[in-house]
Amino acid sequence: RITAADQVLAIKQKAVGQVLDPGAVCVNGKHLAAVLKTLPEGIIDLYLDRDEKNLIMEMGGIKPKFPLYEVRQFPNIQSVEYKLSELPLIALQNALKHVDYIPTREVIQGHTTHAVTFSIDQHKVILSAGDGGRFGIYRMPLHDNFVDGKTIERKIYPTLLSLLPRVTDIIYMLTASGPNDDLLIASDDHSIVLRFGDLEIIANRLAEKPFIFEHFMPKKYDYPIVLTRESMLSSIERAMLFIEEYKNTPPYAYLRFENGSVTITAGSVNKGESSDCIECEFSQAPIAFKVNGKWLLDFLRAATTEQVTCNVLLECPPEKIPALNWMPSGKGAENYDFTYFFKPFRNTVEVAAPEAKVIESRTNGKLNNSDDFDLEEAEISPEIQAELDEINAAHTEPGSVGKAKGLKATKEKAKARKAK
């Protein structure tokens, strides 16, 4: 049996071999794994040297040697009796794909990591993840697990836990030989256990009470917008190609819904502009807003139905700004319970047609982070007007070139104040 562990995660795995002298040793696992990758396929002999201070790995003429550590230095792994719930591995792998791309901020020993909140009861499995801007929830009904038309009875115990990203990666790596292959999942007050065949994963719990995103989901929305998923996906992917990504600046796209269609616009000075118009089921007053294109792409790639629905809530607390709830719809969505929630960027939402002209001006070859502003049409205070009159007089006086140059900084400052 091989056991690898750090202060958060432990993995146990059995390996087939002939044991002559039972015992246990502790070596640097990362170094051992790196050396094993360089060896050809074949049989390896493991034994201690005469002083019993090194582990020797022999394979033909290859004889690497690894120093031993004291077994007491190995992280302590608690042995706890668990009640294990049986879940189909393939179904769980599919469910994780809907939420594990969303980073959930958790702090462990001063370091920020990510997690997926996992809830299970007798009827369904709920996986959720989110951050300050978005979250996704996927519900997997347990009664749909059947083989050859016969329902499979599985042992289910209520469980609420958080999965580390490394745990979700391991679940993806596992392969099932058939629909009956189950992943056993359980937890206690301190740890999470996952078993699949001879593999056992033990992870420390991230929090006493995992964050339940469902509690923050609005209960009703103002109206739905139905779109074709493939058309929307290709348009957003194309729009993202015209965006220059900068650190701390999200890649955004403008969406304008009007008269049964949506116009998707995005661009930058150096790459140009993308503008697509596709049909959708929408009959309300025109609405336009700016969204994070990458967030929308994550949802469209995870969903598998022909259509998706965007439910719009015009005033979502506490900021009273609109919120968007995306979910699969149409054919194949009957037992497909997936919800994806985020809000558009602040101060970018226009609901009525006259007001939506602001969005039009931004998407007309001038995609930037600031609104267009006309200095000539701005209202000028008497103080600023007097300052500008003084500057203009300096330009019209004979021999005033030097004076005008000296007032250049003052003129720029006045214009800045005027724009503000």
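Let's start with the largest pocket and what surrounds it. In this predicted model, strand S1 (2–5), strand S2 (9–13), helix H1 (29–37), S3 and S4 each give at least two residues to the lining of the largest pocket. Which of them gives the largest share? That is H1, with six residues. The lining counts 43 residues, and Arg 1, Ile 2, Val 25, Leu 46 and Leu 55 are the ones nearest the pocket's centre. As for the space inside, the volume is about 2,200 Å³.

**The three-stranded sheet**

S3 and S4 turn up again in an open sheet of three strands, ordered S3-S4-S5, with antiparallel pairing. Its edges are strand S3 (45–48) and strand S5 (65–67), each pairing on one side only. On average, neighbouring strands here are turned by 25 degrees against each other, if you ignore direction. Zoom in on S3 and strand S4 (residues 54–58), and you'll find four bridges in the antiparallel sense. Leu 48, for instance, stands opposite Leu 55 in S4. Leu 55 should ring a bell, as it is among the residues nearest the centre of the largest pocket.

**The six-stranded sheet**

S1 and S2 also belong to a sheet, an open one of six strands in the order S1-S2-S17-S16-S15-S6, again with antiparallel pairing. S1 and strand S6 (85–88) are its edge strands, each pairing on one side only. Neighbouring strands of this sheet are turned by 20 degrees against each other on average, direction ignored.

Two helices pack on this sheet. Helix H2 (residues 89–96) touches S6, S15 and S16, and its direction makes about 75 degrees with that of S6. Helix H3 (residues 165–173) touches S2, S15, S16 and strand S17 (199–204), and its direction makes about 165 degrees with that of S17.

Now follow a single residue, Leu 184, which sits in strand S15 (residues 182–187). S15 pairs with strand S16 (residues 191–196) over four bridges in the antiparallel sense. Which residue of S16 is the bridge partner of Leu 184? Look for Arg 195. The two are 11 residues apart along the chain, yet their C-alpha atoms are separated by 4.9 Å. Leaving out residues up to four places away in sequence, Leu 184 touches Leu 84, Ser 85, Glu 86, Val 193, Leu 194 and Arg 195. Is Leu 184 buried or partly exposed? Its relative accessibility is 24%, so it counts as partly exposed.

**Antiparallel pairs compared**

Here are some of the antiparallel strand pairs, with one facing residue pair for each.

| Strands | Bridges | Facing residues |
|---|---|---|
| S9 (116–120) and S14 | five bridges | Phe 118 and Leu 161 |
| S10 (124–130) and S11 | seven bridges | Gly 130 and Phe 135 |
| S11 and S25 (337–342) | six bridges | Arg 134 and Phe 342 |

S10 and S11 form a hairpin, with three residues between them. How enclosed are these strands? Four of the five residues of strand S14 (residues 159–163) are buried, so S14 is largely enclosed by the rest of the structure. S11 is largely enclosed too, because seven of its eight residues are buried.

**Arg 134 and helix H5**

Arg 134 is found in strand S11 (residues 134–141). With a relative accessible area of 4%, Arg 134 is buried. What does its side chain reach? One polar contact, of 2.8 Å, joins it to the side chain of Asp 298. Another, of 2.7 Å, goes to the side chain of Tyr 340. Setting aside residues up to four places away in sequence, the residues Arg 134 touches are Tyr 101, Ile 102, Pro 103, Trp 295, Asp 298, Tyr 340, Phe 341 and Phe 342.

Asp 298 and Trp 295 take us to helix H5, where both are among the buried residues. The others on that list are Gly 293, Leu 296, Leu 297, Phe 299, Leu 300 and Ala 302. Why call H5 largely enclosed? Eight of the 10 residues of helix H5 (residues 293–302) are buried, so the rest of the structure encloses most of H5. At the N-terminal end, Asn 292 acts as the cap of H5, with a side-chain oxygen 3.0 Å from the backbone nitrogen of Lys 294.

Methods: Residues are numbered from 1 along each chain as its sequence is written. This is a predicted model: local features need pLDDT of at least 70, side-chain atom pairs count only at pLDDT 80 or more; totals for chains, interfaces and linings use all residues. Side-chain values use heavy atoms; hydrogens and water are left out. Two strands pair if DSSP finds at least two bridges between them. Axes are lines fitted to C-alpha atoms, for helices over the stretch in contact, and angles run from 0 to 180 degrees between N-to-C directions. Buried means under 20% relative accessible area, exposed over 50%, partly exposed in between (1.4 Å probe, protein chains only). A polar contact is a pair of N or O atoms within 3.5 Å; within protein, one must be able to donate a hydrogen and the other to accept it, and residues adjacent in sequence count only if both atoms are side-chain atoms. Contact means heavy atoms within 4.5 Å. On a 1 Å grid over the protein atoms alone, a cavity is a set of points where a 1.4 Å probe fits but cannot get out, and a pocket is an open set with protein on both sides within 12 Å along at least five of seven lines; lining residues have an atom within 4 Å of a point. Grid points are joined across faces, edges and corners, and a volume is the space filled by probe spheres set on the points.
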